[in-house]
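Let's take a friendly walk through a protein model, starting with how its parts meet and ending with what lies inside. Keep the picture beside you as you read.

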Amino acid sequence: MKIAIGHTRWATHGVASNENAHPHFDSENSLALVHNGIIENFDEIKNFLINKKKIFLSETDSEVLAHLIAYNYKKDIIKALKSSLDIIKGSYAIAFIHKDFPKRIILASKDSPMAIGFTENKKEIIISSDPNSFVGRNLHVLFLQNDELGFIENNEIFIFNKNLKKIAKQAEKVNCKNISFSKNNFEHYMLKEIYEQPFTIQKTILGRISKNSQNCYFEEHTIDIDFLNRFKNIKLIACGTSYHASLLASYLFEDISKIETRAYIGSEMRFQNILNIKESLIIAISQSGETADTILPVKELKKNGATVLSIINKSNSTLSRESDYSLYLKAGPEFSVCSTKAFTSQISLLLLLAIHFEKLKNNNKSNSDYLIKNLLKVPNEIKKLLKRAEEIKKLSIKYAKYENFYFLGKNLMYVTAVEAALKLKEISYINATAYPAGEMKHGPLALVNGNLPIVAFMANDKTYDKMYSNVIEAKTRGSPILAIAKKKDKDIEKIADDVFYIDDSIDETAIFSSSVFGQLFAYYIAKERNTDIDQPRNLAKSVTVE
Ligand code: M6R
């Protein structure tokens with residue numbers, strides 16, 4: 001069996017350079033190590049090792065691991081690893097090789113995912129911090145849990161618990177063979193994934209709605225009134241685009257299901273005083289299911305007795321293993337760093353949940369059937385919108401010259417604007433800031449001038465008139481206005497320089513077409529600016545460090 005290790009580094013400590021690239025070595029070049037995660041007390045350990053005459057070649061936190069394990073190695077390499085990990089603070093998925101064991105890869109993980117995929121006869125064993133790398137393969141997969149360590153040697157996998165007791169782990173069969181890396185003739189994964197949305201939304205909702213469109217089902221778990229009655233409120237946790245989906249859900253759960261709801265940013269939640277944990281239904285949302293900023297608060301809440309329902313795109317993920325219940329988006333793998341189809345599937349599923357909760361609470365007197373009927377129209381509305389991509393492209397080319405944008409909206413359209421602004425920032429490197437339109441007069445209006453266009457998300461009947469006035473306030477001060485409005489609201493042409501009309505859908509589903517407009521607008525601006533659309537600088541698809 002031939003062995004090799006490698007790592008695509010996402011820089012945390014030290015710039016992206018050859019010196020900081022993995023693998024890292026100890027001073028005697030006896031071992032080579034790759035690490036995903038963050039070693040929080042690396043400074044202290046580094047000073048200790050420098051005093052022991054160890055020579056460091058990089059600025060990374062990871063290098064201390066290589067020196068430390070080599071320093072602790074006397075006779076037993078596993079014991080050396082264990083005693084090193086005992087003093088490490090932080091998160092890690094580690095793989096290393098040592099010259100004394102030429103056929104062995106040694107591993108360990110804590111708060112950083114590590115999957116071991118292997119063929120039936122174990123002739124091939126692949127270790128990865130992201131099971132996405134198994135795409136195209138049909139493998140058995142073991143997931144290392146916190147504090148587990150082990151090694152691979154001669155077609156065998158050996159795993160130990162934290163007391164160094166050998167354990168037998170149950171493998172899962174993960175069939176990624178039929179998942180294709182193909183872009184299907186699209187120039188970018190992002191564009192392909194945008195165009196998949198009529199189909200992916202269908203995958204998320206169909207099969208969860210009864211034939212007469214009156215009931216919702218979640219095949220993964222029975223969510224009935226006894227389940228719902230266990231909770232007084234809902235707390236959502238997520239990051240980035242998934243956080244925007246959870247923010248939308250906080251409006252939907254309060255408006256439709258009449259359940260008190262709050263959305264939390266994962267990386268903030270750990271430092272907030274969270275009240276009434278046991279009586280809250282915690283809903284964690286993540287495309288990848290591997291986002292450390294979402295997983296860590298989930299783990300803490302679980303320790304304090306929380307019930308966690310997660311909404312994930314990828315099965316076999318760390319978040320699904322940490323949750324009591326998981327619902328899956330079924331949107332298929334999302335490769336572009338910039339999330340698109342996962343977002344629209346998340347909001348479809350969350351809208352369905354909001355409807356389902358309303359129905360459970362109101363028994364036979366539910367008044368949300370019209371919501372289901374409108375949700376079922378969404379795939380077709382998006383199909384129609386995608387046929388108008390050329391119109392959006394022309395608008396994007398016109399606006400691509402600006403360096404700063406305000407994205408405005410009110411109510412559900414405010415959150416839609418926040419998500420659309422993130423898309424533009426992420427892939428075109430243009431500064432786009434989203435505000436609830438009413439906030440403009442409380443400060444942001446000071447920046448408004450002819451060089452700062454406003455992208456006004458107007459497709460919300462509840463707030464259209466107020467939004468109209470807020471847009472006039474910016475127009476009066478010179479901002480170019482691009483409005484996204486419902487077809488019936490033609491009066492917007494009086495004040496907007498450009499208007500993109502979407503179908504006259506209800507407010508709860510207008511978020512879909514408006515979001516797809518935002519995705520394509522960002523895509524074509526980025527294309528005009530010739531940026532790396534699928535892999536924007538400084539970003540990674542799943543962020544497994546805090
Ligand atoms: O996998 P997750 O949904 O947990 O990822 C959360 C964010 O990192 C992710 O949504 C990020 O904001 C996207 N790159 C946005 O397009």
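In this predicted model, domain 1 and domain 2 bury about 840 Å² between them, with 48% of that area on carbon and sulfur atoms. To find these parts on your picture, use the residue ranges: the chain is divided into domain 1 (24–175), domain 2 (189–376) and domain 3 (387–528).

How many residues of each domain are in contact across this interface? Eleven from domain 1 touch eight from domain 2. Between the centres of the two domains, taken over C-alpha atoms, there are 34 Å. The interface also holds one salt bridge and one residue pair in polar contact, both residues being at pLDDT 80 or more.

Here are the values for domain 1 and domain 2 together:

| Feature | Value |
|---|---|
| Separation of centres (C-alpha atoms) | 34 Å |
| Buried area | about 840 Å² |
| Share of buried area on carbon and sulfur atoms | 48% |

A salt bridge to look for on your picture joins the side chains of D111 and K299, at 2.7 Å from N to O.

Now let's look inside. In soluble globular proteins, nonpolar side chains tend to be buried together. The largest nonpolar core here has 93 residues, and F253, I283, L353, F405, F407, L520 and F521 have the most contacts inside it. Helix α16 (residues 507–528) gives the most to this core, with twelve residues. Domain 2 and domain 3 each supply at least three residues to this core.

Take I283 as an example: beyond its neighbours within four places in sequence, its contacts include F253, L309, I311 and L353. Apart from the largest core lies another one, of 29 residues, including L65, I69, Y73 and A80.

Terms used:
Residues numbered from 1 in each chain as written. Predicted model: local features only at pLDDT ≥ 70, side-chain atom pairs only at ≥ 80, totals over all residues. Heavy atoms only, no water. Core = buried A, V, L, I, M, F, W, Y, C linked by side-chain atoms within 4.5 Å. Buried < 20%, exposed > 50% of the residue type's maximum accessible area, 1.4 Å probe, protein only. Helix = DSSP H or I, 4+ residues; strand = E, 2+ residues; numbered from the N terminus. Domains from an automatic or database assignment. Contact = heavy atoms within 4.5 Å. Buried area = accessible area lost by both parts, 1.4 Å probe. Salt bridge = Lys/Arg side-chain N within 4 Å of Asp/Glu carboxyl O. Polar contact = N/O pair within 3.5 Å; in protein donor to acceptor, adjacent residues only side chain to side chain.
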